[in-house]
Amino acid sequence: MSEDDNRPPYTLAETSKPIFELRNVSKRFGGEQALNCVDIEVRGGEVHGLLGHNGSGKSTLIKILSGYHLADSEAELLIHGQPYRLPLPATVFRSLGFSFVHQDLGLIPSLSVLENLCMDEIVSAGRRINWRALAQYARSLLAEFGLNIDPKATVSELPPWNRPLIAVVRAIGNMRAVIADDPGRRGALILDEPSARMSQDTVSHLHGVIRQVADLGHAVLLVSHNLDEVLKVTDWITVLRDGQVAGELATAGTSRARLVELIVGGTHGLSSAPPGAAAGFSPAAGPAEIGISDLCGASVQDLTLRLRRGEIVGVTGLVGSGFDDVGVLLFGERRATAGLLHFDERAVPLSRMTPDKALALGIALVPPDRLTQGCIPELTVADNVSMPTLKSFMTAGAIRQQKIHRQVADWVRQFGVTPADPGKTVSSLSGGNQQKVLLAKWLQLPLRLLIVIEPTQGVDVGARAEIFSLLKRYAMRGSAILCCSTDQDQLAELCDTVCIMHQGRLAATLRGVDVNREQVTAAIFGVSREGSTEP
Amino acid sequence: MAAKGMWSRRSPTSQPAASGKSREHRIHAYIGKYALFAAWACTILVFTVVEPHTFLTRQNITSTLSSQAVLVVLTYALVVALTAGEYDVSVAAVLTLSSMVIAILNTEDHINIVLSILAALAIGLLVGAVNGAVVVVIGVDSIIATLGMGSLLSGVVLWISGGNTLSGISNSLVTLVVVPHLFGLSLSFIYVVAATILLWYVLSYLPVGRRLLYVGRSREVARLTGLRVSRLRWGALIAASFIAAAAGVLYAGTTGGADPTSGQAFLLPAFAGVFLGATTIQPGRFNAWGSFAAVYFLVTGIDGLSLIGIQVFVQDLFYGAALIVAVSVSMLARRRASAS
């Protein structure tokens, strides 16, 4: 830090100097190498894009930088050329002019914009909070970046797509407040998928803000799924694939095809260029067992899908495309605004669906978060698995605990839960075993449609394969499975058909031999270009 | 966690250590489960030694068992509400209102005792329905909603009674509650045992009891499992008020009258009982027999202390401390239960 004081005033040449560098970052989770010797260098005056598909190691890298994960040894962090030891405490980071905007924006919705923007100042205020000065600061900050937002408004009253902008502007303000004393110093802004849940016009506003910050000589690291965004706003791109740097390149002169190739690996992605968009979709031949027509609600618009008995259909897309809303709307966890569910010549309006009605119709949902939505972790495996089938354990007016115990012991053995002890609490099991318990809870029932959302999140490789085979065997017995996921490998391995969504609409469908990792990935990114050229 | 699971599966050497740990764990769990009974036994032993002529006499035992029926039943109101994850702090006020309604209808308006009792129970249902509406439909936190309701009902009691104590309730009710029968035990104790068996059956052997537990532990999981969460929470609050009103009937029978304030004194002991009860029999869960044992353990302590001639403030001190200790211990018990 003391060296910084002697630095000459900021000149343009300075911008090309790296503000921070990460070197030799490796990270293992259990048996999996999440990151392998990754180097990244972010210079002043530069917007640096970090690209890669789900599971490529992007978020692990950001979490190592912010100190959430501990890197394996040998990793180095250089800031303005000075080595620092990881993990660097948040307060030190802040004092060096680093500001993070994570996917969870860190806003408190029930407070005002002013209170959110000035959270740092309020927390560190000495004796009395000078509200007038803070209000003035907030107003000037919002005005500087062209945001027409009343600082007195409550954040929860603002449209959700405005919130990332507030978080970004706050991060910029915090970054500058720290380095204000020295006009020559430059900070860094690290943004983790800020645009995923924003509307088109606010995204371009965000891009303007990002450019403005970089033009002042600061560094911006932008993590994104969206190729168009990265091509539009960045100067330099690092692509991660399978935990390694697949490519580093200047944005000028690169093409979208080149990026897809780097993300997917090999040149396979090119030949299978974006499959047909919405118009090209035709209903599958053969008797459709379950049909969904004109589903609207949350971020989904006019979705029509068909699933046959025994078929596993994947639904995917970029974050914010609405792929994850399809499952919750069908189950009635969130209310759809329109849409019909067809089966056995019946048509059920989805706008009146609730979870208990869905179950009565033979539709179940395996939610993505097993510990807060799927299971009650402090209760036993038997308590959790018997939850939907309590009545079947009634004999002579009373539930027989013995009967539950025996039945559940049988189930967990079949599902490969170790230890196969129904008396254990769910919280004492490993992630993979918890997920198997959650599947046992639903797969014991004869369902018409099973909806699974990210069924192997945080599960080790062995359990993952077992879960795939459990789901496949279940489908073979005559149920349809809908799998909402961003995990391309999982979709390729599990699904017969994969539907790709873009901006709430069905944009492409892959079947049969087309369902492979490369084509799914290429379709997700390819489709995002098709969509963005729409008005 | 995934890594840990793989480790223990692949490494045979970790097995003996793990099973040794789990045996130790089981012993700890066993001690934890019956610690309350050990404490109870010690309490009895100490007071028997200190007060040999009065404490362990048949008369003291039967009067202790019989006189606390009201408190036990009120505790069950809380068992139901807390199982569903709702705090109901209006139960003591419902009890007072119930006994006052019986006293006024029966002594001032000369209405048949049976009808008076039915009216009191109906008022319990009504209060529970209102509590449920405020908590479930409007979404007010149950502790706030019932705190308000409790104060409101206390006001109603003072208003309808004019602040006076009433006496002279029909003898048939008094006979049905306090007159000694079996081995000097009054019928009220028999009612308590019957209520305990009923509550135990409902919570442990009927699907509705399990469902209340699921809702109480995680509304989100319960909803995604297709349970009608709102209905169950509302039902639990109605049941709690109804049971509190039933405790009020016993109270009216025990005293042969009603006074506008004394019922409030049951609230803290009832909470102490329900949380202490959750440390035993089925540790980590609010349960019928645990609460039964816990209330009588607390009452034994109070009874012994009063026999030695310790002053009245000890009662507040004892129940207050017991509540804090009980909640802390049941917290630890729940944490331990979820780790095994």
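Biologist: At roughly what angle do the axes of helix α10 and helix α12 of chain B cross?

Modeller: Happy to walk through that one! Keep in mind that this is a predicted model. The axes of α10 (residues 207-217) and α12 (residues 229-255) of chain B cross at roughly 105° and come within 10 Å. Angles of 65 to 115 degrees count as roughly perpendicular, so α10(B) is roughly perpendicular to α12(B).

Biologist: Which residues make the contact between α10(B) and α12(B)?

Modeller: From α10(B) come B:R211, B:L212 and B:V215, while α12(B) supplies B:V229, B:L232, B:R233 and B:A236. Sorted by class, the contact has 5 nonpolar and 2 charged residues, with no polar ones.

Biologist: Let's move to chain A. Is A:A34 buried or exposed?

Modeller: The idea is to count neighbours: a residue is buried if 20 or more other C-beta atoms lie within 10 Å of its own. A:A34 has 22 C-beta neighbours inside 10 Å, so A:A34 counts as buried. This alanine sits in strand β2 (residues 32-43) of chain A. Leaving aside residues up to four places away in sequence, its contacts include A:F29, A:T60 and A:G243.

Biologist: And how is chain A divided into domains?

Modeller: Domain 1 covers 2-266, domain 2 joins 288-362 with 446-535, and domain 3 spans 373-441. The C-alpha centres of domains 2 and 3 of chain A are 27 Å apart. Their contact draws 9 residues from domain 2 and 7 residues from domain 3.

Biologist: What classes of residue does domain 2 of chain A have on the side that touches domain 3?

Modeller: That side of domain 2 has 5 nonpolar, 2 polar and 2 charged residues.

Conventions. Residues numbered from 1 in each chain as written. Chains lettered and ligands numbered in written order. Predicted model: local features only at pLDDT ≥ 70, side-chain atom pairs only at ≥ 80, totals over all residues. Axes fitted to C-alpha atoms, helices over the stretch in contact; angles between N-to-C directions. Helix = DSSP H or I, 4+ residues; strand = E, 2+ residues; numbered from the N terminus. Parallel < 35°, antiparallel > 145°, perpendicular 65-115°, else oblique. Contact = placed C-beta atoms within 7 Å. Nonpolar A, V, L, I, M, F, W, Y, C, P; charged D, E, K, R; others polar. Buried ≥ 20, exposed ≤ 12 C-beta atoms within 10 Å, placed from the backbone. Domains from an automatic or database assignment.
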